[in-house]
Amino acid sequence: MVKIANIELGEFPLLLAPMEDVSDPPFRAVCKANGADLMYTEFISSEGLIRDAAKSVQKLDIFEYERPVGIQLFGSDVETMGECARIATRVNPDLIDINYGCPVKNVACRGAGAALLQDIPKMVRMTEAVVKATHLPVTVKTRLGWDDSTKNIQEVAERLQDIGIKALTVHGRTRVQMYKGEADWTLIGKIKENPRIQIPIFGNGDIDSPEKALEYRNRYGVDGIMIGRASIGYPWIFNEIKHFLQTGEHLPAPTVADRVAVCRQHLDFSIRWKGEKVGIFEMRRHYTSYFKGLENFKPFRSRLVVAESHDELLSILSEVQEHYLGELVG
């Protein structure tokens with residue numbers, strides 16, 4: 001049984017990665033329904049939360065069905081991150097996560113996210129401030145290092161464990177790599193081999209099939225896997241991996257009817273949570289992923305991304321289901 005503090009996650013938990021503009025409550029709902037064991041909010045700016053910025057505050061929304069769920073924070077100022085942790089604790093998540101892995105310029109170049117990999121003492125001080133600011137378990141998500149010459153994740157793992165984090169997720173790339181190239185889990189495996197490390201270690205990066213999940217579990221000995229991009233438009237990946245790990249067999253692939261049903265659920269929740277106008281607009285980024293692999297889908301996508309009412313979207317989705325009736329996505 002893998003546990004983060006007193007949170008039981010099963011024998012080999014599958015985590016949904018926090019993804020900006022993706023991992024909102026509607027998306028988390030469909031992933032939870034399809035087997036995600038632990039989920040995180042989109043990352044929340046500590047500066048935005050302190051300023052009471054509407055977008056940051058809205059990201060604090062969590063729901064009982066999601067549990068266990070963590071709120072992920074990022075920032076560049078130690079004291080602000082501590083205060084932000086206190087604010088996040090008030091909405092009663094199951095844990096607080098710190099983002100030391102985001103590589104994008106408008107985060108890293110402001111001294112937050114993966115930038116902290118260039119200043120480990122500050123990372124330690126910031127993490128300690130968050131740990132002291134909350135009674136909740138604190139976890140961290142980060143990368144191997146800033147670049148190939150500074151892959152310091154083994155030192156990071158020891159130092160952060162020593163100041164009280166309860167789990168560590170490592171993305172198998174450096175900040176310089178961004179999301180390019182192949183994720184290297186070798187150092188993640190070495191962290192697990194370190195007898196000093198007692199907290200759960202989760203691997204992240206390039207897991208897009210049940211076979212790869214099994215291979216990486218066996219090769220690197222991680223306590224669980226965090227899945228990000230592979231779940232976008234395909235929340236079935238969680239249950240597919242679980243079933244394969246337990247039985248060695250594949251679940252049937254989702255039919256177009258399955259895809260339409262989950263897309264509708266996602267759309268409905270998006271509208272309930274954000275209102276019709278914003279909910280419809282923010283769903284537009286998901287249609288290509290939900291129906292990836294369907295031949296000649298472009299005309300349907302073109303209509304879906306310009307439709308402005310819930311009823312119109314439901315009508316188009318019904319047409320999609322009828323048009324591809326009985327087909328599997330190849």
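## Two helices that cross

Let's start with a pair of helices in this predicted model. Helix H7 (residues 153–162) packs against H8 at an angle of about 40°, and their axes are 9 Å apart. That angle makes H7 oblique to H8. As for handedness, the crossing of H7 and H8 is right-handed.

Which residues make the contact? From H7 come Ile 153, Gln 154 and Ala 157, while H8 brings Leu 187, Lys 190 and Ile 191. Sort the residues of this contact by type and you get four nonpolar, one polar and one charged.

## Helix H9 and its two sides

Next up is helix H9, which takes in residues 210–220. Its buried residues are Pro 210, Ala 213, Tyr 216 and Tyr 220. They span an arc of only 135° around the axis, so they sit on the same side of H9. Here's a handy bit of background: an α-helix has 3.6 residues a turn, so residues three or four places apart point the same way. Over on the other side of H9, you'll find Asn 218 and Arg 219 exposed.

What covers the buried residues of H9? The cover includes helix H8 (186–193), strand E11 (224–227) and helix H10 (237–247). So H8 turns up again: it packs with H7, and H8 is also part of the cover over the buried residues of H9. Right after H9 comes Gly 221, with a positive phi near 70°.

## Two aspartates with positive phi

Glycine isn't alone in having a positive phi here: Asp 21 has one too, near 65°. You can find Asp 21 in the loop between strand E3 (14–16) and helix H1 (25–33). Is Asp 21 buried or partly exposed? With a relative accessible area of 33%, Asp 21 is partly exposed.

Asp 206 isn't a glycine either, yet its phi is positive, at about 75°. This one lies in the loop between strand E10 (201–204) and H9. The relative accessibility of Asp 206 is 21%, and the cut-off for buried is under 20%, so Asp 206 counts as partly exposed.

## A cis peptide bond

One last stop along the backbone. Where does Pro 68 sit? Look in the loop between helix H3 (54–58) and strand E6 (69–74). The peptide bond joining Arg 67 and Pro 68 is cis, with omega at about 0°.

Conventions: Residues numbered from 1 in each chain as written. Predicted model: local features only at pLDDT ≥ 70, side-chain atom pairs only at ≥ 80, totals over all residues. Heavy atoms only, no water. Buried < 20%, exposed > 50% of the residue type's maximum accessible area, 1.4 Å probe, protein only. Helix = DSSP H or I, 4+ residues; strand = E, 2+ residues; numbered from the N terminus. Arc of directions from axis to C-beta. Contact = heavy atoms within 4.5 Å. Axes fitted to C-alpha atoms, helices over the stretch in contact; angles between N-to-C directions. Parallel < 35°, antiparallel > 145°, perpendicular 65-115°, else oblique. Left-handed = near helix turned anticlockwise from the far one by under 90°. Nonpolar A, V, L, I, M, F, W, Y, C, P; charged D, E, K, R; others polar.
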